[in-house]
Every structure is written in C-alpha cells, then in structure tokens.
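The following paragraphs offer a guided reading of one protein model. Please keep the sequence and the structure in view while reading.

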Amino acid sequence: MHNLTKQDRVDIRILKTTADGQVELRWEVIYTERFGQARQLAYKVDTIVVNQKIDEAGRPLPKILRIGSMNEICTELGLAAHSGKNTKDLRRAFLQNATTFVDARIKYQANDHTKRTLEACFTRYSVVFTGETLPDGRIADAVYVIFNDPFWEVLNNAPIRPLDRAYMKQLPPTAQRFYEIISRKIFAALKNKHPYAKLSYAEYCTYAAQLRYFERQPVQNQMNAIHQPHRKSGYIAAVSYEATVDTQNQPDWIVSYTPGPKALAEFAAWNRGQTMIDPEPVETEDYPKRKIAALPISAPKPPPPPEPPPPPPIDEALLAELVKRGIGEMESRKLLARLAPGQPVLEQLEYADAVLRHPKNAIRNPQGFYIARLQDNFPVPEYFETSARRKLREEDEQRRREEFMERQALEIAYGEYRREEIDRYIAERVPAPEFAAAVKKELARLRAEPRSVRFPPQTLKEMADRAARTRLAEQIPIPLLALDEFIRRESSTPATPA
C-alpha cells in the first residue's frame, strides 16, 4: 500500500498469471494527486496504530473503530504530542491512507479453512476526525475509521498474522516492511522444522515496492542495510545468497535466512499463547539433505513482566446504577473495571436514559445500549442537564435568591435610615414655623391634584408632611450615607443576638 522511499515516485503493480494466461493475482495501488503517495508516516500510522486497534477489537470487527486522539497517536508513534506540525502531518497521512485506491484480485484461506477470492476496486476505509460527525450522528471525540465492505470482510475472515508490534515500532520503515514479509516465511520454516527460510530477491522487491538491482554487489549493499537491525536484535542469525534467474530470465538471488534467538522465542511464545494458524506452505524439495528433525526452541526466557497494579476499587454507587438498569452485577463489575479513569459514568447513564425515553428511539436492547455508550466513552452534550448539573443550577439559583432577599432587606433598612436621619435633622435644625410653612405648601399642591379627592384629609396631611421633609432634604445638605456605604457598614456590623 505504501511507497517507503522519501522522494521517488513508485508505482505499485503486481500481476501473476497462470500458464494459460488467466490472472491469478492482481494488485494495483492508485494514489490521489491531492494528497500524494502514502509514504513512511502513512505506513507507520497503518501498521503501528490502526492495525493494533484492529487486533485489539477482536472479531467480528466493528464497522466504526475508534483510533484515538491525535496526541495519543503521536505518543504511540514516538512523536511529540501537542505539536501543530505533527497533527497536520498525521492528518495528511490518514487522508493518504483513506484515499489510496486498490484494484485487486487475490485468493486467501479464511479462518474456517475455505478458499476465498477478493476481486474488487476499493479504498480500505474512510476517516472521521475529532469534531466531525459520525454516521450514527455522534460528534467524534477522536479519530475514527469506517471500514469499507471489501476490506472489512477480509479482516473478519483472514487469519491473524503472528507479528511482534512492539518490535515493529522500533524499526525504520524499510526494515519493518522486511519483517512483515520475512516473518511469515520464518514462521513457516520453524513450523515445518527447516533450518532456514527462503525468499527470492525479486519477490521481496515486488512486495516491498522497492527498487530492484540486477548486480550482486548493489543487491547485497541494499539488503545489508535492511538486515542490520534484525541481525542486531537477534531475529536473523545468518544470511546467504544463491544466484538464479527469474521467470523473465533476469538475474535474481534466493536469499536464505537462519532464524535467530529472537525469532525462535517469538515462534515459541506465539504457539504458547495463540491458536496455531496454517502459515504459507513450504516446499520440502527446496531443502534437500538439509532438512532437520527438529529445531530447538530454547531461546533465553525474558524476565517476567512486573506485577500489574491492583485494579481500582469498584464504585458501589455506580455498580448499583448499572444493576438498576438491568445489567448483571458481574458484567457491571467487569465493565466498570475497563472504563477510563475519571469517566463521567453517571452522567452518561442519565443521558442514555433520556435517549431511551424519547418516543422516536425504539431501542430493543437497552442494556446493550448502555454498555455501548459507556465503552465508547460517549461525551454528554453540554445542553443536557444531568443530575449533577441540575444540582449546581439549583444551588446557584438558591444563592441568587438569598442574595436578592438580603439586598431587598438592606434597601428597606436604608429607607428607614434615611427617614430617621431626615426627621432628626429637621427636628434639630429647622425652625417649627419654617417646617409648618413647608408642610402647608405641599398640602396645597396635593389638594390641587385631581387624585387628591381619593384620599381622606388626614392621609393628605401625612403625605404633605413626608413630601415637605423630602423637599427639605433635597434643599439642605443633610449628611447621609450613600446606599453602598450603608450596606458596607451594615455588613461589617456584628449581628445583635436575639
């Protein structure tokens, strides 16, 4: 799928025909001009990140698969997170992978040992970035891929290949691609108890989309650079070349690889921990006189891994919420143990409740719906009021009501303070005849108003008295506190015990 050169353009076309001219294998890769050829970063994204997620998802594989945030992908690839350039480069790499078109006719053996044929023109998957909308209406909280049917069918039916992904991460792209090709041959050789695995140089160049040479020294120089990391790691113990010609009578070499301690350990570990699959058949006549009865699988055992930390305690309140919704207790415990730290489980359950209550959502398996939402760590929309948000809102409204009532009480107290201060000032500073004249003037003004007929005489006199006091307070500079000053004074005054 990928051009592993840094600059050169490579056209990937593989065509094999039978003796009578029938197409036995066809594989052609077409890149889009807009995003360019899928190169080394796109290759690492596919083989290290996407394929790892595919393996972890199990079978049957979901059509929509969460890959992770850009920062998580950077960390997985050993790139600096929170880097605008790395994020931009990864986005382009994903788009290169998603738009790479394949015209294929291949045959493969499925998990059920039936022979299958894939004959189609397709792209492998679509990509949805964070913030974009997924087909089910969700807003993507990370990068997702949506598998297209031909590729999805192969993934669900083809055997899993025994690859050490931790080892792949350490390798440069060309050495990693070599490992993907030769590992199948080495696995088959060890299974069939042969001392070495064979691979023709022409076949390797075809499947690795690598420049092919036709002279021995350039071939060895090219391959030695690719072999070097595998020799250093102990995956390959020895390499030898045997000159030959290919079907077009062009110079070629059969390269024999002796498995090293790492390859032996990898084979033994796979057979201990995985179900054996049938690798590519090895023709026994390729190994005359050199076939051996058995190969020792006695590579040094790696030190045991450190004890995993104890699982976090299960939140019994959340456990009760799951059980209340019809999920079994054991399944609920396992589910809670797998969830992300700090995941807002209760809020996600409450939002799922609201979705289930909606009359247009006829969901037949509510328990499965709850489990899927929690496993996907589906973000709760901001507009949805969870019980926690409702409690915060009610507490805020209560605080606002209390502040309003307190302010109202202070404003009433301030009105009383003003009246008392005005009355005291007038009693001490304004002569009685002057005040009486002011009251008489206000009374005459009130009686001249049409509305005065509605008030009894005594009420009018009280209104005139208060109006006269207010008018005098406006005309005479009576020393009064402003409202804010009064509130500060009252707030700092200790309350008097009842």
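In this predicted model, a suitable starting point is F94. Apart from neighbours within four places in sequence, F94 is in contact with V45, V50, I67, I73, V127, F129 and V143.

F94 also belongs to a wider assembly. The largest nonpolar core comprises 76 residues, and F94, F147, M223 and Y257 are those with the most contacts inside it. Helix α6, residues 173-191, supplies the largest share of this core, namely 9 residues. A second core, separate from this one, has 20 residues, among them L335, F369, I371 and F384.

F94 further takes part in the packing of two helices. How are α2 and α3 oriented relative to each other? Helix α2 spans residues 70-77 and helix α3 spans residues 84-99; they pack at an angle of about 90°, and their axes lie 10 Å apart. Angles of 65 to 115 degrees count as roughly perpendicular, and α2 and α3 are therefore roughly perpendicular to each other. On the α2 side, M70, I73, C74 and L77 make the contact, while α3 contributes N86, T87, L90, R91 and F94. Of the residues in this contact, 6 are nonpolar, 2 are polar and 1 is charged.

The last stop is N3, which is located in the segment before β1 (13-17). Is N3 buried or exposed? Residues under 20% relative accessible area count as buried; N3 has a value of 0% and is therefore buried. Its side chain makes a polar contact with the side chain of Q37 at 2.6 Å. Beyond its neighbours within four places in sequence, N3 is in contact with D8, R9, V10, Y31, Q37, A38, R39 and Q40.

Note on methods: Residues are numbered from 1 along each chain as its sequence is written. This is a predicted model: local features need pLDDT of at least 70, side-chain atom pairs count only at pLDDT 80 or more; totals for chains, interfaces and linings use all residues. Side-chain values use heavy atoms; hydrogens and water are left out. Helices (H or I, at least four residues) and strands (E, at least two) are DSSP runs, numbered from the N terminus. Buried means under 20% relative accessible area, exposed over 50%, partly exposed in between (1.4 Å probe, protein chains only). A polar contact is a pair of N or O atoms within 3.5 Å; within protein, one must be able to donate a hydrogen and the other to accept it, and residues adjacent in sequence count only if both atoms are side-chain atoms. Contact means heavy atoms within 4.5 Å. Axes are lines fitted to C-alpha atoms, for helices over the stretch in contact, and angles run from 0 to 180 degrees between N-to-C directions. Angles under 35 degrees count as roughly parallel, over 145 as roughly antiparallel, 65 to 115 as roughly perpendicular and the rest as oblique. Ala, Val, Leu, Ile, Met, Phe, Trp, Tyr, Cys and Pro count as nonpolar, Asp, Glu, Lys and Arg as charged, and the others, Gly among them, as polar. A nonpolar core is a set of buried Ala, Val, Leu, Ile, Met, Phe, Trp, Tyr and Cys residues joined through side-chain atoms within 4.5 Å.
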